[in-house]
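Student: I should like to learn how the features of a structure are read. May we go through one together?

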Amino acid sequence: MTAMDRQMDAGQPREWTRLGFVPGQALRMFGMRRSGNHAIANWLQRNAPSGHSVFMNNCKPTTDPFKSFRSIELDGKIAPHRKARKDLASVTARAEDGAMLLISYEDVTPANFAPMRMVSEPFDETLLTGDVLIYRSFLNWAASLLKKMQANDSYSLLRRNAILLHAMDNYRLLLKQVEQADDLGFTCICYDDWVRSEEYRGSILAQLDLPVCDNSLGQVQSYGGGSSFQKEASSADELETSRRWQKMSEDPEFAAVLNLAAHDIKLTHRLERVFPRDAALLARIAGVNPPPIGGPS
């Protein structure tokens, strides 16, 4: 009798039958691109209680995540994508019961769809053991995203900036949910703090009921071409992730985008609460006065 047959006999949820094992933790992760999503996903997998994990990367929202992942990993290593899309359990059942399931989404949050639609439908979201929101300081995130797009010759200046400005609006929604995290039951991971502090990383693992198996930063992940600024870096310890905006400070395109961002009071008011240093620097860089207290959120 196969694992799938045993689960069907035991009346397991259809999702776990398709997966070929019953996860110990089923986590869903949200984060804007260039926010350390894959570094954190790899770290979570390295701290899976059973030592085994399945990571479904960059799933398409409001679509079956078991069919819409852009890539898939088994125990931190790339697994056959086409084979998994055709017959998921044939690839993932080897993880065995108790393994971690990690489903990720990029550039969206549940706020983009609630209350009318669920992000992961038709997947039964009540099976999830937790939602994780990843966020990064505004200036370093924006600098990294722009730098990444500037390396793509197929993007015109106007297209780059249209993408970046749209992403900034979604970034604002992400910060809104970070502020509401306690009420929503989300676990939030600030990438800047995650990189900087081993103690912080340990506290997040405790929140997620995960053991501390490997609390290092790990290797630089290859997704998205790796680091936008330090292509030669192999270890995450080598990355100067807190200095991205300084490296772009003389770039006129970056300055133009920041000037627009500095005048969006819905964004700047969120930054004042979550990243006050970024809010002050943004106002100074763009040459505007600080926004009045009590504006819209």
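**Reading salt bridges, cysteines and a buried serine**

Tutor: Let us begin with a single residue of this predicted model: Glu-253 is buried, its relative accessible area being 10%.

Student: With which residue does Glu-253 form a salt bridge?

Tutor: The partner is Arg-160, and the closest N and O atoms of the two are 2.9 Å apart. Arg-160 is buried as well, at 11% relative accessibility.

Student: Where in the chain do Arg-160 and Glu-253 lie?

Tutor: One should always ask which elements a pair joins. Here Arg-160 belongs to helix H8 (residues 157–179) and Glu-253 to helix H13 (residues 252–262), so the pair links distant parts of the chain, 93 residues apart.

Student: Which residue meets Glu-179 in a salt bridge?

Tutor: Glu-179 pairs with Arg-270, at 2.3 Å from N to O. Because Glu-179 lies in helix H8 and Arg-270 in helix H14 (residues 265–274), this bridge ties together parts that are 91 residues apart in sequence. Glu-179 is partly exposed at 34% relative accessibility, whereas Arg-270 is buried at 5%.

Student: How many salt bridges does the structure hold?

Tutor: There are 11 salt bridges. One of them joins the side chains of Arg-33 and Asp-107, with 2.7 Å between N and O. Arg-33 is in the loop between strand S1 (25–31) and helix H3 (37–46), while Asp-107 is in the loop between S5 and S6, and 74 residues separate the two. Arg-33 is partly exposed, with a relative accessible area of 31%; Asp-107 counts as buried at 18%.

Student: Which residues are linked in a network of salt bridges?

Tutor: Such a network links Arg-28, Glu-125 and Asp-131.

Student: Is Ser-120 buried or exposed?

Tutor: A relative accessible area under 20% counts as buried. Ser-120 has 1%, so this residue is buried. Ser-120 sits in the loop between strand S5 (100–106) and strand S6 (130–135). To see what surrounds such a residue, one sets aside its neighbours within four places in sequence; Ser-120 is then in contact with Arg-28, Thr-63, Pro-65, Tyr-105 and Glu-125. Arg-28 and Glu-125 also belong to the salt-bridge network.

Student: How many disulfides does the structure hold?

Tutor: The structure holds zero disulfides. For Cys-188, the nearest cysteine sulfur is that of Cys-190, 9.7 Å away. A disulfide requires two cysteine sulfur atoms within 2.5 Å, and therefore this distance does not qualify. Cys-188 is buried at 15% relative accessibility, whereas Cys-213 is partly exposed at 48%.

Definitions and conventions
Residues are numbered from 1 along each chain as its sequence is written. This is a predicted model: local features need pLDDT of at least 70, side-chain atom pairs count only at pLDDT 80 or more; totals for chains, interfaces and linings use all residues. Side-chain values use heavy atoms; hydrogens and water are left out. Buried means under 20% relative accessible area, exposed over 50%, partly exposed in between (1.4 Å probe, protein chains only). Helices (H or I, at least four residues) and strands (E, at least two) are DSSP runs, numbered from the N terminus. Contact means heavy atoms within 4.5 Å. A salt bridge is a side-chain nitrogen of Lys or Arg within 4 Å of a carboxyl oxygen of Asp or Glu.
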